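The exercises below concern aromatic rings and a nonpolar surface patch. Work through each task before reading its solution.

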Amino acid sequence: MSALADLINLDLSDSTDQIIAEYIWIGGSGLDMRSKARTLSGPVKDPSELPKWNYDGSSTGQAPGDDSEVILYPQAIFKDPFRRGNNILVMCDAYTPAGEPIPTNKRHAAAKIFSDPNVVAEVTWYGIEQEYTLLQKDIKWPVGWPVGGFPGPQGPYYCGVGADKAFGRDIVDSHYKACLYAGINVSGTNGEVMPGQWEFQVGPTVGIAAADQVWVARFILERITELAGVVLSLDPKPIPGDWNGAGAHTNYRMEKDTLKIVGQLRTWILTL
């Protein structure tokens, strides 16, 4: 395993100017995340420098089998906390070969609103509180919970400290640092009311960048839980009964017409 770890952590900058760009997009459910990597000739500073790419939309629930090509348009770039160096993560949205946004591309409509000069003048600040639950992989039951059973009642777990109160903190701290490394404006994190449930906050961030950062923060968390052998759940009610649910609360600076803007941002972030 040490040889594998050495290769995973291999620094390419000493041997090549080429970089790896991980293109990320939202799948057909509107919640699942997809990605694939490509080699580029050198460091990239702006999404406009990146080539478009394509994928098989019939395999993601976003196109029919007889017309399956979907085109990825790079929209935002972040430093890659997994490969590091000059390697990047690329947040994309998806279009038909004719240049029309596919039905699951909610970013396109939001971008039109956020680029409007009147909206730009508002300087719309957002803070997103993303709650999530960590589940044991094979049984889809929250981490720290006894198999087939329940922990003690809610109360001591919110912002709790200790092996019997905070489950999965290594994942949470890894995610926190990885997001800051990537350039995501994560402002904090805390344990939530239900054991095995956590929250991170993105913002304050202006305009559509807030949603781009939330999506890439989710991608990074999904990758970290993959490494840890744990399942990430954004289910609003993962455990039935008297156990707290999870959401993505949106805080914003209220100005004229901001309610419409918030609606578009919520659509881009997540439809629950």
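Helices and strands here are DSSP runs, numbered from the N terminus, with at least four residues for a helix and at least two for a strand. The model is predicted.

**Exercise 1.** Place V123 in the chain and state which surface patch V123 helps to make.

Solution. Step 1: V123 lies in the loop between α3 (117-122) and β6 (125-136). Step 2: its relative accessibility is 34%. Buried means under 20% and exposed over 50%, so V123 counts as partly exposed. Step 3: V123, W125 and V206 make a nonpolar surface patch of about 220 Å².

**Exercise 2.** How many aromatic pairs does the structure hold? Describe the pair of Y73 and Y95.

Solution. Step 1: there are 10 aromatic pairs. Step 2: in the pair of Y73 and Y95 the centres are 3.9 Å apart, with 25° between the planes. Planes under 30 degrees apart count as stacked, so this pair is stacked. Step 3: Y73 belongs to strand β4 (residues 69-79) and Y95 to strand β5 (residues 88-95), 22 residues apart. Step 4: Y95 is buried, at 5% relative accessible area.

**Exercise 3.** Describe the pair of F150 and W243, and name the cluster that holds them.

Solution. Step 1: F150 and W243 are stacked, 6.2 Å centre to centre and 10° between the planes. Step 2: the pair links distant parts of the chain, 93 residues apart. Step 3: F150 is partly exposed at 49%, whereas W243 is buried at 13%. Step 4: W141, W145, F150 and W243 form one aromatic cluster.

**Exercise 4.** Over which rings do the charged ends of R38 and K52 sit?

Solution. Step 1: the charged end of R38 sits over the ring of W53, 4.8 Å from its centre. Step 2: that of K52 sits over the ring of Y73, 4.1 Å from its centre.

How values were computed. Residues numbered from 1 in each chain as written. Predicted model: local features only at pLDDT ≥ 70, side-chain atom pairs only at ≥ 80, totals over all residues. Heavy atoms only, no water. Patch = residues over 30% accessible without salt bridge, like charges linked within 9 Å, V, L, I, M, F, W, Y side chains within 5 Å. Areas by Shrake-Rupley, 256 points an atom, 1.4 Å probe, with all protein chains shown as cover. Salt bridge = Lys/Arg side-chain N within 4 Å of Asp/Glu carboxyl O. Buried < 20%, exposed > 50% of the residue type's maximum accessible area, 1.4 Å probe, protein only. Phe/Tyr/Trp six-rings, centres within 6.5 Å; stacked < 30°, edge-to-face > 60°. Lys NZ or Arg CZ within 6 Å of the ring centre and 35° of its normal.
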